[in-house]
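Visitor: I would like a close look at one part of this model, built up from how its strands pair. Please keep it brisk, and carry on to whatever that part leads to.

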Amino acid sequence: FGGFSPAKKATVASRYLPTKLRCSVKGDSKTYCGIFSRKGDVYMAASQDQHIRLYDVTANRFTLFKDIQARDVGWTISDTDYSPDQNYLIYSSWCDSIYLCNIRGGHDTHVPLFLRPPSVMHFCPFSIRFSFDNQEILAGGNDGFVYVYNRARNDRTVRFSTGVTTSDETGACDINAVAFADESS
């Protein structure tokens, strides 16, 4: 609201911000990731119970249409992302792979994409993103490195250090957010 006057702030708050709460989805587990698709028609929720739930939100309510049992989940699912064409999702957890799953269709795809970190006792890609052209996946690990997974080669092709270290015994720094710079990246 930066430079808005108190009167303008009140107008914006009363017209555009919700004033009443309603329960859309109820669950027994903590949800750590939640994101709408680019089109706004699907909501994805990843919970500590190792499930990724996809909801159709086109009718102004949350209707579950797919429930994915996540694999190799350590503590929780750490991040999720939609493919640019909205046909797939990826998720990460405390393991050396990112998993690729289809969103719609009569079959279920659940493919591990191995990042091949060096022998790290506990590895987690905390942040993951599809490239705009759907050809690569970017991952930021708890080891201070950024990984690039090439989908056409079906392999991790790049691993580079951010150069940031901590004073703990590993010297590694968690990478909690990654993004491609622009649509040509």
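Guide: Two strands pair if DSSP finds at least two bridges between them. Keep that in mind for what follows. The model is predicted.

Start with the open sheet. Four strands build it, in the order E5-E6-E7-E8, and the pairing is antiparallel. Strand E5 (79-82) and strand E8 (110-114) are the edges. Each of these edge strands pairs on one side only. On average, neighbouring strands of the sheet are turned by 25° against each other, with direction ignored.

Now look inside the sheet. Strand E6 covers residues 88-92, and strand E7 covers residues 97-102. Five bridges hold this antiparallel pair. One contact to pick out is at Tyr88, whose bridge partner in E7 is Asn102.

Move to the loop between E6 and E7, where Trp94 sits. Trp94 has a relative accessible area of 33%, so it counts as partly exposed. Trp94 forms an aromatic pair with Phe126. The ring centres are 5.4 Å apart, and the planes make an angle of 85°. That angle is over 60 degrees, so the pair is edge-to-face. Phe126 belongs to strand E9 (residues 125-130). The two partners are 32 residues apart, so to speak a link between distant parts of the chain. Phe126 has a relative accessibility of 18%. The cut-off for buried is under 20%, so Phe126 counts as buried. The pair thus joins a partly exposed ring to a buried one. Across the whole structure, the search finds eight aromatic pairs.

A second link concerns Ser119, in the loop between E8 and E9. Ser119 and Asp96 are 23 residues apart in sequence. In space, their C-alpha atoms are 9.7 Å apart. Ser119 is exposed, at 81% relative accessible area.

Phe126 leads on to the strands that follow. E9 runs antiparallel to strand E10 (residues 136-141), and five bridges join them. Within this pairing, Ile128 stands opposite Ala139 in E10. E9 and E10 form a hairpin with five residues between the strands. In its turn, Asn134 has a positive phi of about 70°.

E10 then pairs with strand E11 (residues 145-150), in the antiparallel sense and over five bridges. Here Ile137 has Tyr149 in E11 as its bridge partner. The hairpin of E10 and E11 has three residues between the strands. Gly144 in that hairpin takes a positive phi near 85°. So E10 pairs with E9 and with E11. Its burial fits into the picture: five of the six residues of E10 are buried, so the strand is largely enclosed by the rest of the structure.

Step back along the chain for two more backbone points. Asp72 lies in the loop between E4 and E5, ahead of the edge strand where we began. Asp72 is not a glycine, yet its phi is positive, at about 50°. Its relative accessibility is 47%, which counts as partly exposed. Asn60 is another non-glycine with a positive phi, of about 65°. Asn60 is placed in the loop between E3 and strand E4 (63-69). At 62% relative accessibility, Asn60 counts as exposed.

That brings us to the largest pocket. Its volume is about 290 Å³. The lining has 15 residues, and Val25, Lys26, Thr31, Ala45 and Tyr55 are the closest to the centre. By type, the lining divides into six nonpolar, five polar and four charged residues. Strand E1 (31-36), strand E2 (42-47) and strand E3 (51-56) each supply at least two lining residues. E2 gives the most, with three. Tyr55, one of the residues closest to the pocket centre, also takes part in a ring cluster. Ring pairs link Tyr55 there with Phe36, Tyr43 and Phe62.

Methods: Residues numbered from 1 in each chain as written. Predicted model: local features only at pLDDT ≥ 70, side-chain atom pairs only at ≥ 80, totals over all residues. Heavy atoms only, no water. Axes fitted to C-alpha atoms, helices over the stretch in contact; angles between N-to-C directions. 1 Å grid on protein atoms, 1.4 Å probe; cavity = no way out; pocket = protein on both sides within 12 Å on 5 of 7 lines; lining within 4 Å. Points joined across faces, edges and corners; volume = space filled by probe spheres on them. Nonpolar A, V, L, I, M, F, W, Y, C, P; charged D, E, K, R; others polar. Phe/Tyr/Trp six-rings, centres within 6.5 Å; stacked < 30°, edge-to-face > 60°. Buried < 20%, exposed > 50% of the residue type's maximum accessible area, 1.4 Å probe, protein only.
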